[in-house]
Structure formats: C-alpha cells, structure tokens
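Let's take a friendly walk through this structure, one piece at a time. Have a look at it first, and then read on.

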Amino acid sequence: MIKRIITAAALILSTLAASAFAQDPIVIKFSHVVAENTPKGQMANKFRDLVHERLGDRVKVEVYPNSQLYGDNKVLEAMLLGDVQMGALSLSKFKRYTKKLQVFDLPFLLEDLDAVYRFENSDTGKNLLRSMERRGILGLGYLHSGMKQFSANKPLRVPEDAAGLKFRIMSSDVLASQMHALNATPLKKPFSEVFTLLQTKAIDGQENSWSNIYSKKFYETQEYITQTDHGIINYMIVTSDEFWKGLPADLRGELQKAIDESIDFGNAVAKEKATSDRVAVEQSGRSKVLDLTPEERKQWVEAMRPVWKEFERDIGKDVIEAALKSNG
Ligand code: LMR
C-alpha cells in the first residue's frame, strides 16, 4: 500500500515538474482574405505545415483564410496591437504606412510576373520590404497572385467601353486615378464584399487576378472578362517589427527559411493558375473571355499611362525607373 502511494506521489511530482518546464509554443496567427486554393491560401498553409514539421513544439501557425479573422483594412492595426502576427496583404493596401509601394499599382508598368519577380529581387525591391519599419511593420517577402484582368457586364475592348461604369477597386489612390482615367467610377470596397456587390449589380465590374476571379466565383456574376494584364495583384508577407525582433534568433532564421520556401511554392501556384483558372472560367460557360488585339491594347496603355506622372513624387522617380528596368 505504502509503495503504491509513493509511486503515485512520484508520478504526480514528475508530471508537475514536466509541465513546469514545458513551454507553450509561440502562436503565429496568419490572417488573410482569399480562398485556400489560391496562391496565397496555399502559401500560408505550406508555411503552417513546414513550421509544424520543423518547429512543432516551439511554434504553432494558425491560418485564418477568407477574412475569417480580419479584413485587410483592420489587419495591420491588429498586428501592431499583437492580436495577429502575420498577414499577406495586397500591395495596394499599405498606403497609410508608406506611399512607395504604390509603384506596384501603376498600370502597365511591370509587364508580366517574371518582371515582377525581378523587381522584387532588385535592391530597390528588397529595400521596399523595410519601407514601413518606422511604422512598426516589417516585410518578410513578396508573393504573386497574378496579373489583373477587368470583368464587367458588357464587353470591354477599348477604354471607352469602361466609361460611366462603376468598378470596385482596392483601397488605393493609384487605382482610383486609373479608373478616373477611363472615365469610370471607382469604389473602394473590401474584398469580402465584392461578390455581393457584383451579384446585386451595385457595381458593374471589378479588376482582379484569375485565381481570385475563379475562387470567389466573380465570373458567375459577370458576363465578360477581358485579359488586359494591366496591372498585378501582388502581396507582401508582413509581421510586426516588435514581434519579429522579440523572437529568439534561431527561430527567426528558421521561420524566414520556411517563409522563403512557401513563397517559392505559392509563386509556382500563381504561375500555374494564371492559365488554369482562366481555362476553368472559360469552361464554366458562365462568362465570355475576351482577348485584346495589339491595337486595342495600345489604347488601354495610352489611356492609363498618364497616372504614372501623377504619383511620381510620392513613389519616387528612382523607384519607378528601377521597376521599368525589370521588364524583359
Ligand atoms: C482584392 O482585395 O481584390 C485582393 O487584393 C484580395 C487578395 O488579397 O488577393
């Protein structure tokens, strides 16, 4: 009997000691607004899985897709308050923190995803990751979604076709100006509202990557999608400077490695979906996909290019020139 009591007491003591020494894992809440089968959704899940594999008992990544936790207009504030640790926002949504990232919104500036990749990896692109540091936000890397296409309830072949229509845009002044250049009306609205706005015809059209148009079913509400490739949806993976610098150095290194690997993975998904999601939309028979002739495309370029000059001072001429140098 005494032996049994001693054994039980020893067991209790060793359990208590173990729990006193075992540390709770560091939790990284990763919040984003798109579907899980998109480049960003897959990148975030890959990051979660790599961290689980490599740092299982030390760090736990929780991914919240589809604006479940925060929309993009709130997530940076939440990050600075420590309520969420990572996000991957479209570069069109940082204007309250830096004006320089507006370079990514200039229409017809970067000609394809390879040019975007070269620009991100240039000295200028790498410096832009730190452009919000004094505001407490740190960029850990860039990720692609895809080139932007216009959709509407009428065929858009030349810029005049967009005149008088209402388009949802992301919260970017450059994009607002781009729509004004077409004599269209821009409405800055959160991503989570786009489908309903289209469905109820509160707006006539929108611009987005093929993967967002497909995964959020925008094509089911729009009669026409024109492959304009007039801009990009591109992301920055961000964290709070305070959170990042507070991590043990070895963990920071491992996490950055996992971010870099999951970005490569997400970029490969983006490249693939730029074609496969367009094909899926075409095969659905719900909306008609239009391609521009070189002559039609030239007209869009000419209509939208004046926007560059308007934002040159805010962005910096040097930054725009570095981006242009990245074109093939
Ligand atoms: C949008 O708001 O249209 C997109 O930026 C959503 C996203 O994150 O891809």
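A good place to begin is an open sheet, whose five strands follow the order 2-1-3-10-4 with mixed pairing. Two strands count as paired if DSSP finds at least two bridges between them. Strands (E, at least two residues) and helices (H or I, at least four) are DSSP runs numbered from the N terminus. At the edges sit strand 2 (59-64) and strand 4 (137-147), each pairing on one side only. From one strand to the next, the twist averages 20°.

Before going on, please note that this is a predicted model, in which local features need pLDDT of at least 70 and side-chain atom pairs count only at pLDDT 80 or more, while totals for chains, interfaces and linings use all residues. Residues are numbered from 1 along each chain as its sequence is written.

Now look inside the sheet. Strand 3 (residues 86-90) and strand 10 (residues 232-240) run antiparallel and are joined by five bridges. Ser90, for instance, has Tyr235 in strand 10 as its bridge partner.

Next come the helices that pack on the sheet. Helix 2 touches strand 1 (26-31), strand 2, strand 3, strand 4 and strand 10, and its direction makes about 160° with that of strand 2. Helix 10 touches strand 2, strand 4 and strand 10, with its direction at about 15° to that of strand 4. Contact here means that C-beta atoms, placed from the backbone, lie within 7 Å.

How do helix 2 and helix 10 pack? Helix 2 (residues 39-55) and helix 10 (residues 249-284) make an angle of about 145°, and their axes are 8 Å apart. Axes are lines fitted to C-alpha atoms, for helices over the stretch in contact, and angles run from 0 to 180 degrees between N-to-C directions.

Definitions and conventions:
Two residues are in contact if their C-beta atoms, placed from the backbone, lie within 7 Å.
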